[in-house]
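The following exercises concern salt bridges and the placement of a strand. Each task is followed by a solution in steps.

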Amino acid sequence: MLYGALRQTAAILARTLCRPTIEGRENVPATGSVILASNHLSFVDSVVIPLSVPQRRVRFLAKSDYFETPGVKGRLTKTMFGALGAMPVRRGSSRDAMVALETMLDRLNEGEACVVYPEGTRSRDGRLYRGRTGVAHLALESKSLVVPVGISGTQKVQPVGAGVPRPHPFTVRFGEPLNFSTGFDHLTPAKARRAITDRVMDAIHELTGQERADTYNDHGSAD
């Protein structure tokens, strides 16, 4: 009930203040596990993607700090993030990254929809960076469909460093689902993950038209 109430309130605010454009919503399956693989421009991406998929609940990872802040503000933040589908994870080490992947995999194996950012963190310069292979690991292990997502404009809603969102139009485009459950047995696991990740990033690029960077986004975690 809390999730529904918060979602409805946030959706009304987003439509009123930001006039979003949502395209390809029908490409997101109404049931079954699905990975929503998106580019990443702003903290609010993890809010606008779930709001753009009214037919089901969508999970995303959020820093554990949002669930551990003391006091009234901390309790409110924890309640809000939990109700919107966030899953707390610690970040900073390789071990933390593996735990995050396993958390996401557990949800996918339960038939849920999960947001994944193959770039790893937000793009500060607007370019689309090379994807990390965690998205392919999840797709191969869970046999989930991958729906590419292209977001634009959210960097204006909440730029890096801004504490409060601002009214500004944004667009969310959902591409056709990609199925990677077969066709990769002839490759080593590492090569299969790389090939799948590159295909996902190509699909995201087709939706966004961003300039591409041939490197990983190593600016550090901004979320």
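**Exercise 1.** In this predicted model, identify the residues linked with R59 in a network of salt bridges, and characterise the contact between R107 and E112.

*Solution.* The network of salt bridges links R59 with R107, E110 and E112. Within the pair R107 and E112, the side chains meet at 3.4 Å, N to O. R107 has 25% relative accessibility and counts as partly exposed. E112 has a relative accessible area of 16%, and under 20% means buried, so E112 is buried.

**Exercise 2.** Determine which parts of the chain are tied together by the salt bridge between R173 and E23.

*Solution.* The closest N and O atoms of R173 and E23 are 2.9 Å apart. R173 belongs to strand β7 (residues 171-174) and E23 to strand β1 (residues 21-23), so the salt bridge ties together parts that are 150 residues apart in sequence. As to accessibility, R173 is partly exposed at 27%, and E23 is partly exposed at 36%.

**Exercise 3.** Is strand β2 (residues 34-38) largely enclosed or open? Name the strands to which bridges join β2.

*Solution.* First, consider burial: 5 of the 5 residues of β2 are buried, so this strand is largely enclosed by the rest of the structure. Next, consider the faces: V34, L36 and S38 lie on one side, I35 and A37 on the other, and both faces are covered. Finally, consider the pairing. β2 runs parallel to β5 (residues 113-116), with 4 bridges, and A37 has V116 as its bridge partner there. β2 also runs parallel to β6 (residues 145-152), with 5 bridges; in β6, L145 is the bridge partner of V34.

Key:
Residues numbered from 1 in each chain as written. Predicted model: local features only at pLDDT ≥ 70, side-chain atom pairs only at ≥ 80, totals over all residues. Heavy atoms only, no water. Buried < 20%, exposed > 50% of the residue type's maximum accessible area, 1.4 Å probe, protein only. Helix = DSSP H or I, 4+ residues; strand = E, 2+ residues; numbered from the N terminus. Pairing = 2+ DSSP bridges. Salt bridge = Lys/Arg side-chain N within 4 Å of Asp/Glu carboxyl O.
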